[in-house]
Amino acid sequence: MTQRHDFELIASWIPEGSRVLDLGCGDGTLMAGLATTRGATGYGIEIEEASVLASVKNGIHVIQNDIEDGMTAFEDNAFDFVILSQTLQAMRNAERVLNEMLRVGREGIVTFPNFGYWRHRMDILRGRMPVSRTLPYKWYDTPNIHLCTVKDFEDLCAAVGAEILDERVIHGGRTVKVLPNLLGSTGVFRFRRKP
Amino acid sequence: MADPQPHSVGAVLAQRAGFLEPLILKAGKTLASYELVYETYGTLNAERSNAVLVCHALSGSHHVAGWYAEDPKKVGWWDNLIGPGKPIDTDRFFVIGVNNIGGCHGSTGPGSVDRATGQPYGAAFPLVTVEDWVASQARLMDRLGIGRLAAAIGGSLGGMQAMQWTLSYPDRIGHALVIAAASRLSTQNIAFNDVARQAIVSDPDFHGGNFYAHKAIPARGLKLARMLGHITYLSEDLLMEKFGRVLKRDEYGFNYDVEFEIESYLRYQGDKFAQVFDANTYLLMTKALDYFDPAKETGGDLARALSAAKAGFFVASFASDWRFPPERSREMVKALVASRKAVTYAEIDAPHGHDAFLLDNPHYHQLVAAYMDNVAREVGAGERRTALVLAATELAEMRGYGAGREGA
């Protein structure tokens with residue numbers, strides 16, 4: 001995994017002592033970091049056995065489950081934040097996952113590779129599926145089945161009744177202010193269910 | 001003598017502790033006095049913070065790790081998990097194995113002599129529950145000078161005890177490792193247990209539980225109970241792979257003799273078990289399984305039942321276990337999450353069925369090791385002195401079969 005600049009941004013949004021659910025927690029780096037720097041409690045959800053082991057080694061509370069049918073284990077508003085970092089694009093039913101996030105968390109945070117990033121657009125113009133730092137897989141061997149652009153995700157938020165509280169497009173650790181959907185490689189959204 | 005098992009705790013001795021303070025049982029009866037046999041491995045540290053209790057399942061015992069000098073082949077039932085450098089690392093943890101009351105490996109049980117009568121208890125031995133076992137284990141911890149367990153671990157019925165520790169003594173346990181268990185048995189599971197019990201009690205040699213006086217053992221009933229249980233502890237795929245439809249002879253005999261390999265295997269396992277296990281203990285253990293249900297007192301609300309717990313939980317299930325399937329573990333995890341407990345859950349992809357919790361599986365053992373490493377840091381037991389030692393993989397697990405592993 002390359003350096004995860006989205007983690008720094010996420011951490012800046014999490015108040016001290018928050019209760020957090022990290023969907024697709026990988027090796028638990030984000031949760032472990034939030035526990036250390038923010039005193040956050042909660043769980044990581046992960047399906048891959050090697051990642052579950054890595055998460056235990058990182059000292060986080062990890063629950064091995066499939067995000068797409070595993071969130072029924074959580075009650076409404078059980079968490080302050082539900083985080084889905086760099087995982088949305090691998091979901092079979094991204095809309096349902098988003099709805100579940102809105103149900104179990106007061107706020108949701110989603111980060112995803114921006115398909116609208118200019119390098120991806122160039123690859124398409126050249127007649128090729130994009131392969132980049134944020135999308136490192138070949139088209140025939142990728143877990144990413146639902147790629148979207150920053151604008152597409154805005155539309156999905158509107159469709160599921162999510163109010164966007166913060167929206168950044170970042171690249172190389174910096175927030176892209178000019179033409180973000182073109183110049184930024186990673187979308188980072190914070191949202192909640194419309195009151 | 002050369003070490004017959006690498007990374008073993010070595011030759012061990014069973015110890016015995018007598019308790020004269022009566023134990024009031026959940027059934028309303030009282031056990032006036034009792035003895036517990038136990039083994040310990042590793043060293044209790046100066047802070048007394050590194051104790052790990054291992055709870056056994058239906059047919060297990062206090063002999064958890066190591067071997068006996070007089071019988072080096074009698075290796076502890078969880079020796080692949082416990083020892084120097086192993087997942088439960090005896091270089092750092094003080095590990096205690098105890099035979100439960102009602103057992104037949106040395107602790108007071110139905111086959112013990114009742115001081116009041118001078119005869120074996122037999123049918124007079126009271127039914128004991130998971131809660132009673134935990135209470136008796138706590139007294140043993142008192143005796144050993146252990147105020148608080150770093151962890152309790154168990155599989156199946158043993159997992160139920162680890163869970164009960166967190167409810168009976170929330171301030172005396174740091175972590176519970178609840179493996180291939182359930183917070184209560186399913187209807188089907190109770191049904192299996194009753195068939196096993198009926199096999200035993202309908203054996204003419206059972207004599208209403210007082211077979212000791214008749215110098216008999218209800219071996220036929222116990223054998224059937226074990227055969228039934230054994231089938232349910234293994235997955236269908238594993239049985240198919242291991243035995244298939246292989247015949248002992250080339251052709252069908254058109255009679256009721258042993259023909260298929262699986263018949264031969266099960267009968268052998270059943271016979272062997274019936275020679276060493278006590279029928280009353282089998283009955284009692286299955287009832288303890290059936291009765292366990294912490295949510296019974298909260299109207300079925302497990303989250304509320306678990307709210308007293310302060311421990312961290314490690315819950316694990318095995319994908320092919322249909323006797324204690326992952327669904328039962330997920331129920332526990334859901335309740336633990338709902339009551340905001342620290343919980344880690346792993347669903348291990350193992351093909352062996354329920355018995356997987358006893359077998360060599362590197363991923364499973366690495367998970368336990370990683371979790372216990374965290375526990376060690378928490379209680380000041382330090383880091384591993386040597387790299388983690390994992391039991392050989394592949395079909396080395398097959399040593400579990402025929403070697404008399406304990407099952408549920």
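A residue counts as buried when its relative accessible area is under 20%. Keep that cut-off handy for the cysteine stop at the end of this tour of a predicted model.

**Stop 1: the A/B contact.** Select the residues where the two chains meet: you should pick up 19 from chain A and 21 from chain B. Together the chains bury about 1,700 Å², with 57% of that on carbon and sulfur atoms. Now highlight Leu53(A), Val56(A) and Gln64(A): this trio supplies 31% of the area chain A buries against chain B, more than any other three residues.

**Stop 2: polar links across the interface.** Looking for salt bridges between chain A and chain B? The rule finds 0 of them. Polar contacts do turn up: 7 residue pairs, both partners at pLDDT 80 or more.

**Stop 3: chain A's side.** Color helix H3 (49-57) and strand E3 (62-64) of chain A, since each supplies at least two residues of the side touching chain B. H3(A) gives the largest share, 5 residues. By type, that side of chain A splits into 10 nonpolar, 5 polar and 4 charged residues.

**Stop 4: the cysteines.** Over all chains, there are 0 disulfides. Why does Cys157(A) not pair up? Its closest cysteine sulfur, in Cys148(A), is 9.3 Å away, too far for a bond. Cys157(A) has a relative accessible area of 1%, so it is buried by the cut-off above.

Next, jump to Cys104(B). Its sulfur sits 17 Å from the closest cysteine sulfur, which belongs to Cys55(B), and that is also too far for a bond. Cys104(B) counts as partly exposed, at 24% relative accessibility.

Conventions: Residues numbered from 1 in each chain as written. Chains lettered and ligands numbered in written order. Predicted model: local features only at pLDDT ≥ 70, side-chain atom pairs only at ≥ 80, totals over all residues. Heavy atoms only, no water. Contact = heavy atoms within 4.5 Å. Buried area = accessible area lost by both parts, 1.4 Å probe. Salt bridge = Lys/Arg side-chain N within 4 Å of Asp/Glu carboxyl O. Polar contact = N/O pair within 3.5 Å; in protein donor to acceptor, adjacent residues only side chain to side chain. Helix = DSSP H or I, 4+ residues; strand = E, 2+ residues; numbered from the N terminus. Nonpolar A, V, L, I, M, F, W, Y, C, P; charged D, E, K, R; others polar. Disulfide = S-S within 2.5 Å. Buried < 20%, exposed > 50% of the residue type's maximum accessible area, 1.4 Å probe, protein only.
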